[in-house]
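Student: Please zoom in on one thing for me, the salt bridges. I'd like to know who pairs with whom, and where the partners sit.

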Amino acid sequence: MESNLSYKDIKITNHIINVCGIFLYSNDFENKIYQSGYKLNINSNYKDLFYPTYSKLLFTQKSVNKRYTKYTESEFLTLLIRGRDNNIIKEASFQINSYNLYLFEDNFGLFSLDISLADADISLSEYSDATFLLRSFGSKLKNNDIDWCQYIEKNVLIETRIRGEEILVDEFSGSKFKLYQVIQLNTQISEAEQTSLLIDIATISKIGSSISDSYDSNSKEYYQNLIDSNLISVFKNWKGLSLFDTFTILGYNILDQDWKLNNYKDLYFNIYLINIYIKYSLFRYNFQVIDFPKKLREKFENFIAEYNLTQISYNFLPNLLHNKQRVSLEIPEELSGLNDKIIKLSDKIKEEQQSKTNFILGIISFFSSLAAFSPIVDFAYELKNKFHLNNFIFYSISSILTLLITFFILHFLYPNEIKSRWGQIFSKKK
């Protein structure tokens, strides 16, 4: 793929970076975050933009979901990653503008960090290195050598663990943080160049790798698949790419006015938050599906009814972004697979309940039938007296006959279970 793009001449003049992740919170968590400086942050009412079924989810006054924000007064940090000989491979400095916590029902939460890189004009390679470090759980803070994830646990989540042995959320949180990023370039570039650069940034790849011929570059098939399935192209001055771990918009003059900044920081970011919440929730339900009691199944059905919305807005662009994110996060496929599991599990539970019912009915039938044996018992005692059988012989014969009759009754009631049990006994002997 040929290009005249000179990457060294392209700078990033403005950007939005939100690092997102998941956590489970305790019942006293809201008290803790109040005490540590978080404030309840309520969105505007979106009744003229979003459908009522969707706007009630978006952290408004009427929403059951809550958002808390803590402004950090431009907290500066440096992340790095080292090689085997302890040399620094990548390093990036940035400031954290705010911590944000989004509390959903059932003690389920998301967090986001509003990040700004230090320089006014940032090179593409500097930006790529920074996002690589920001989304990695194991990136190290430069001066105290703790993990980036540990920093978030301590400072953002108020000592709430999200990684480690026996940490439930670690079972379905994935291997990296999610990234929401909007990037404004200093120049307008061709649509082809815009697409290739967008793919590099969205996949956190080396800048230029999508158009190079090196052995570790994207294949033509993969490149085309990203364009066909994940590309968002509406206006000539920007393009978007929605992937499993990142949502990226790249363009020219897209963050040059306050209303544009507000749209990307609040309006469109909220759509992304709801979708990753749905995705993480499906991970959680999938994790619990092995032991899925009736109460949890009912909760899942309510969750689907409330959150599984394909149309959310009176305007076309929010709907387009929402559905692209659903596809890239594989929400429809996961819903379908999880629903199939639940149906099979429900069928299995019904079969087990039916088997127990049949067993109880069999026992009742057996004891009910004992009354019919009363004449037989009387006849047996007449034979005993007639042939002068002693007690040992009489009761031995009676016991053997009783066992044989019991066996034939059980075999009649439960033929499959009896065959299976005999098979197990003979296989053990072999």
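Tutor: Here is a walk through some of the pairs, one at a time.
What you see is a predicted model, where local features need pLDDT of at least 70 and side-chain atom pairs count only at pLDDT 80 or more, while totals for chains, interfaces and linings use all residues. Residues are numbered from 1 along each chain as its sequence is written, and side-chain values use heavy atoms, with hydrogens and water left out.

The basic idea is that side chains of opposite charge can pair when their charged atoms come close. Here, a salt bridge means a side-chain nitrogen of Lys or Arg within 4 Å of a carboxyl oxygen of Asp or Glu. That rule gives a count of 16 salt bridges.

Let's begin with Glu153 and Arg161, whose closest N and O atoms are 3.7 Å apart. To describe their surroundings we need three words: buried is under 20% relative accessible area, exposed is over 50%, and partly exposed is in between (1.4 Å probe, protein chains only). Glu153 has 9% relative accessibility, so it counts as buried. Its partner Arg161, at 45%, counts as partly exposed.

Next up is Lys176 with Asp245, where the closest N and O atoms are 3.6 Å apart. Lys176 sits in the loop between α4 (148-156) and β8 (178-185), and Asp245 in the loop between β10 (238-242) and β11 (246-252), so this pair ties together parts that are 69 residues apart in sequence. Those labels come from DSSP runs numbered from the N terminus: helices are H or I runs of at least four residues, and strands are E runs of at least two. Lys176 is partly exposed because its relative accessible area is 23%, and Asp245 is buried because its value is 17%.

Now for Glu191 and Lys239, whose side chains meet in a salt bridge at 3.1 Å, N to O. This pair also links distant parts of the chain, with Glu191 in helix α5 (residues 191-202) and Lys239 in strand β10, 48 residues apart. With 39% relative accessibility, Glu191 counts as partly exposed. Lys239 has a relative accessible area of 4%, so that end of the bridge is buried.

Finally, salt bridges can share partners: Asp106, Arg284 and Lys299 are joined into one network that way. Try finding those three residues on the model and following the links between them.
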